[in-house]
Amino acid sequence: MSKKFLLGKKIGMTSLITEDGEVIPVTVIEAGPCKVVKIQTPERDGYSSVLLGFVSIDEKKVSKPLQGFFKKQKVGAYRILSEFRTDEQHGVEVGQDISATTFEPQTKVNVRGRTIGRGFAGTIKRWNFRRGPMTHGSKSHRITGSIGAGTTPGRVLKGKKMAGRYGNDNVTIRNLAVVKVDASKNLLFVKGAVPGKRNGILEIEAA
C-alpha cells in the first residue's frame, strides 16, 4: 500500500517511560481493524480513493440505501465510513483488512478529528479577550466592546472576532510521532494530543 491510512477511536492519554528514563506523553488510539469497502478509480470516478469501514454492525441497523450499497460490495455493514484520497497505485483490494500494524514506530502521522464542542461562548472564552475593570462604576466587565466605526465603514467587517459557537470543528494535527504499536490489541501510541473527546473517531494518515 503506497499511502498509509486508517480509522481509529481515541481511548485517552497516558505516559510511556523510555529506557533512558524520559517520560513521553502519548495518546492511545484504537486503530482498526478497518475493512476496504470500495475503491474509486480515475477511469470510472474521475479520481482515486479508498473507502474504509470501521466498527462492524448488523445490516438491519443502517438505512435502506446503505443496505443496498453494502450488499453490492459484499463486505458487511459498518457504522463509520471514511474516504481517503490516494494515488493510482493504492495497492489494496475490496474486502482487505487494514490494522494498526500498517504504521511502524517512529513514523510520522497526521491525525484528523472533531474537537470538543463548547457551545455558544463569549469573546473572553472564545478569543482570549481581556476583560474590563471589575470595580464599582465600570459598565464593561465581560462585554465585547466596540465592533467598528459608525460612519466608515458603517458596517461590521467579515471575520470580526465576536461571540459565537466555540469548538466542534474538524482539526488536523500534523507530524505526530508513533511511539509504540500494540498489534495484539490494535493500539497506536502517538506522541502528544489529538483532537476530540474519548471515543471520538479519528482519521490517521501517514505524514
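Visitor: Where is L176 placed, and what makes that stretch a strand?

Guide: L176 has its place in strand β10, and a strand here is a DSSP run of E with at least two residues, whereas a helix is a run of H or I with at least four residues, both being numbered from the N terminus. On that reckoning the chain has 3 helices and 12 strands. The model is predicted, so local features need pLDDT of at least 70 and side-chain atom pairs count only at pLDDT 80 or more, although totals for chains, interfaces and linings use all residues. Residues are numbered from 1 along each chain as its sequence is written, and side-chain values use heavy atoms, with hydrogens and water left out.

Visitor: Why is L176 called buried?

Guide: The relative accessible area of L176 is 9%, and buried means under 20%, exposed over 50%, and partly exposed in between, with a 1.4 Å probe and protein chains only, so L176 meets the condition for buried. Of the 207 residues of the chain, 33% count as buried.

Visitor: Which residues does L176 touch, leaving out those up to four places away in sequence?

Guide: Contact requires heavy atoms within 4.5 Å, and L176 touches T107, K108, V109, V111, V190, K191, A193 and V194. One of these, A193, is 17 residues from L176 along the chain, and the C-alpha atoms of the two are separated by 8.7 Å. Over the chain, 71% of the contacts between residues at least 6 apart in sequence join residues at least 24 apart.

Visitor: What makes a group of residues a nonpolar core, and which residues have the most contacts inside the largest one?

Guide: A nonpolar core is a set of buried Ala, Val, Leu, Ile, Met, Phe, Trp, Tyr and Cys residues joined through side-chain atoms within 4.5 Å. The largest core has 25 residues, and V36, L52, V109, L188 and I204 have the most contacts inside it. At least two residues of this core come from each of β1 (5-17), β2 (23-31), β3 (34-40), β4 (49-57), β7 (108-114), β10 (170-182), β11 (187-191) and β12 (201-206). Apart from it lies another core, of 8 residues, which includes V37, F70, A77 and Y78. In soluble globular proteins, nonpolar side chains tend to be buried together.

Visitor: Which residues is V109 in contact with, once its neighbours within four places in sequence are left aside?

Guide: V109 is in contact with F103, I173, R174, N175, L176, V178, V190, I204, E205, A206 and A207.

Visitor: How do you know that β7 and β10 are paired?

Guide: Two strands pair if DSSP finds at least two bridges between them, and 6 bridges join β7 to β10, therefore the condition is met, with the two strands running antiparallel. Within this pairing, R112 stands opposite T172 in β10.

Visitor: Which strands make up the closed barrel?

Guide: The closed barrel of 6 strands runs β1-β2-β11-β10-β7-β12, with antiparallel pairing. β1 and β2 are paired over 9 bridges, where K9 stands opposite E30 in β2, and β2 and β11 are paired over 5 bridges, where V28 stands opposite F189 in β11. The hairpin of β1 and β2 has 5 residues between the strands, and G21 in this hairpin takes a positive phi near 90 degrees.

Visitor: Why does N128 count as exposed, and why does N186 count as buried?

Guide: N128 has a relative accessibility of 68%, which is over the limit for exposed, whereas N186 has a relative accessible area of 16%, which is under the limit for buried. N128 lies in the loop between α3 and β9 with a phi near 60 degrees, a positive value in a residue other than glycine. N186 lies in the loop between β10 and β11, and its phi is positive too, at about 55 degrees, although N186 is not a glycine.

Visitor: What makes the peptide bond from G32 to P33 stand out?

Guide: The bond from G32 to P33 is cis, with omega near 0 degrees, and P33 sits in the loop between β2 and β3. A cis peptide bond also joins T152 and P153, with omega about 5 degrees, and P153 lies in the loop between α3 (123-127) and β9 (164-165).
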